[in-house]
Each structure stands twice: as C-alpha cells, then as structure tokens.
Amino acid sequence: MATQLSVQDRITQQRVTIMRDPRFIALAGILMIGSWEVVDNFPTAATNGKNVIYGGKFMATLDNPTMRFVILHEYYHVMLLHIPNLQDLWKEDPQTANIATDLVINLMLDKYAGSKADNFIKVWQNAALDYQYDGLDAREIYKRLREIGR
C-alpha cells in the first residue's frame, strides 16, 4: 500500500515539477529565493516578497495543477517585486494592493494555463480574475479599484 505524501512533500514535489518544466525553467532561480514553510492554520498562501508561507489545510485540498498555480502565484509576486516596489500602495490600502497585484498575476497565469491544454496549472477557483484589467499594471488596477470603492 502506497503512503500518501505530506503537504510539505507535495509542495516540494510540485516545486521540482515546475522547475523541470521548460515553460517555467527560467523561474528556477526565483523559486530558490528565500525560504518557505507550511503552517496548518494559515488561510491560503502569502509572501513578504522573499519568503512564502502556505496554509497546510488549504494546500491539502488542492490537486497538483492547482497547487502548482498557487506556488507560481506566490513566486510571481517575488519575481515582479510587488512587495518592495509598491510599498506606498501596501501602506495606503493593503487589501486593495493585494487584489491589484493578484489580478496581474492571475491574468498572466490564466492566459498561460488557457493556452496550454495539458492541465499543468489550473487557476484556483477563488482566485481574483477579471479580464477588464487585462494588460494593466498593478498601479493602474489599484487606482481603478480605489475609484470604484473596492
């Protein structure tokens, strides 16, 4: 009888899978920045711009393609320097800044996932995803979200 992998081992496995995929091999160095940990009661996943934290219970609910999406999502924040370069937005309204930066990343990953029929990544069902913001940077999305009182 095969043993089931722990969440930590599954994340490690999916990180390696991402680094081996030719489409994401350029991100291998980004995935090696900082550290990452699993905390059971953390609600989803997050980064401080260098280190990543994954909610253990949350990650345990995900299939492998969705887990890869979450991993990529957090490291795209690192790669795009969302935390250090948008400090003014984070200080003014952290919730809206988070939504704006999430939209940038999720649109990128959704377009990428949608262009590949191999199910390598699958956008998490509750991810912020709105194509009216396609092609805009995080500052412009933030501005528009603030204008509509989001």
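Author: Start with a term: a salt bridge is a side-chain nitrogen of Lys or Arg lying within 4 Å of a carboxyl oxygen of Asp or Glu. The structure discussed here is a predicted model.

Reader: What is the general idea behind such a pairing?

Author: Side chains of opposite charge can pair when their charged atoms come close. In this model, the side chains of lysine 122 and aspartate 63 form such a bridge, with N and O 2.4 Å apart. The two residues sit in distant parts of the chain, separated by 59 residues: lysine 122 belongs to the loop between H7 and H8, and aspartate 63 to the loop between helix H3 (56-60) and H4.

Reader: Are lysine 122 and aspartate 63 buried or exposed?

Author: Neither extreme applies. Lysine 122 is partly exposed, its relative accessible area being 35%. Aspartate 63 is also partly exposed, at 31% relative accessibility.

Reader: How many salt bridges are found in the whole structure?

Author: The search finds nine. Another one of them joins arginine 23 to aspartate 118, where the closest N and O atoms are 2.8 Å apart. Arginine 23 is in the loop between helix H1 (7-20) and helix H2 (28-31), and aspartate 118 is in the loop between H7 and H8, so this pair ties together parts that lie 95 residues apart in sequence. Arginine 23 has a relative accessible area of 25% and is partly exposed. Aspartate 118, with 45%, is partly exposed as well.

Reader: Where do glutamate 140 and lysine 143 lie?

Author: Both are in helix H8, three residues apart, which is about one turn of the helix. Their side chains meet in a salt bridge with an N to O distance of 4.0 Å. Glutamate 140 is partly exposed at 23% relative accessibility, and lysine 143 is partly exposed at 44%. Salt bridges can also share partners: Asp21, Arg23 and Asp118 are joined into one network in this way.

Reader: How should a charged residue without a partner be read? Which side chain of opposite charge is nearest to glutamate 74, and how far away is it?

Author: The nearest is arginine 15, at 11 Å. Glutamate 74 is buried and has no salt bridge. This residue lies in helix H4. The side chain of glutamate 74 does reach the backbone nitrogen of threonine 47, at 3.3 Å.

Reader: Where is arginine 15 found, and is arginine 15 buried or exposed?

Author: Arginine 15 is in helix H1. Buried means under 20% relative accessible area, and arginine 15, at 7%, therefore counts as buried. As a further reference point, its C-alpha atom is 14 Å from that of aspartate 63, a residue 48 positions away along the chain.

Reader: Next, empty space. What shows where it is left?

Author: Rolling a probe the size of a water molecule over the atoms shows where empty space is left. In this model the largest pocket holds about 300 Å³. Its lining consists of 19 residues, and those closest to the centre are Thr44, Ala45, His73, Glu74 and Asp102.

Reader: Which element gives the most to the lining of the largest pocket?

Author: H4 does, with five residues. Strand E2 (45-47), helix H4 (64-79) and helix H7 (94-114) each supply at least two residues to the lining. By class, the lining of the largest pocket has 10 nonpolar, seven polar and two charged residues.

Reader: Where is alanine 113 found, and how far is it from phenylalanine 69 in space?

Author: Alanine 113 is in helix H7. Its C-alpha atom lies 9.1 Å from that of phenylalanine 69, although 44 residues separate the two in sequence. Alanine 113 is buried, with a relative accessible area of 13%.

Reader: Last, backbone angles. What sign of phi do most residues other than glycine have?

Author: Most have a negative phi. Leucine 81 has a positive phi, near 55°, and is not a glycine. This leucine lies in the loop between H4 and helix H5 (82-85). Leucine 81 is partly exposed, with a relative accessible area of 42%.

Reader: What is the phi of asparagine 119, and where does asparagine 119 lie?

Author: The phi of asparagine 119 is positive, about 60°, although this residue is not a glycine. Asparagine 119 lies in the loop between H7 and helix H8 (138-147). It is partly exposed, with a relative accessible area of 42%.

Terms used: Residues numbered from 1 in each chain as written. Predicted model: local features only at pLDDT ≥ 70, side-chain atom pairs only at ≥ 80, totals over all residues. Heavy atoms only, no water. 1 Å grid on protein atoms, 1.4 Å probe; cavity = no way out; pocket = protein on both sides within 12 Å on 5 of 7 lines; lining within 4 Å. Points joined across faces, edges and corners; volume = space filled by probe spheres on them. Helix = DSSP H or I, 4+ residues; strand = E, 2+ residues; numbered from the N terminus. Nonpolar A, V, L, I, M, F, W, Y, C, P; charged D, E, K, R; others polar. Buried < 20%, exposed > 50% of the residue type's maximum accessible area, 1.4 Å probe, protein only. Lys, Arg positive; Asp, Glu negative; His and termini not counted. Polar contact = N/O pair within 3.5 Å; in protein donor to acceptor, adjacent residues only side chain to side chain.
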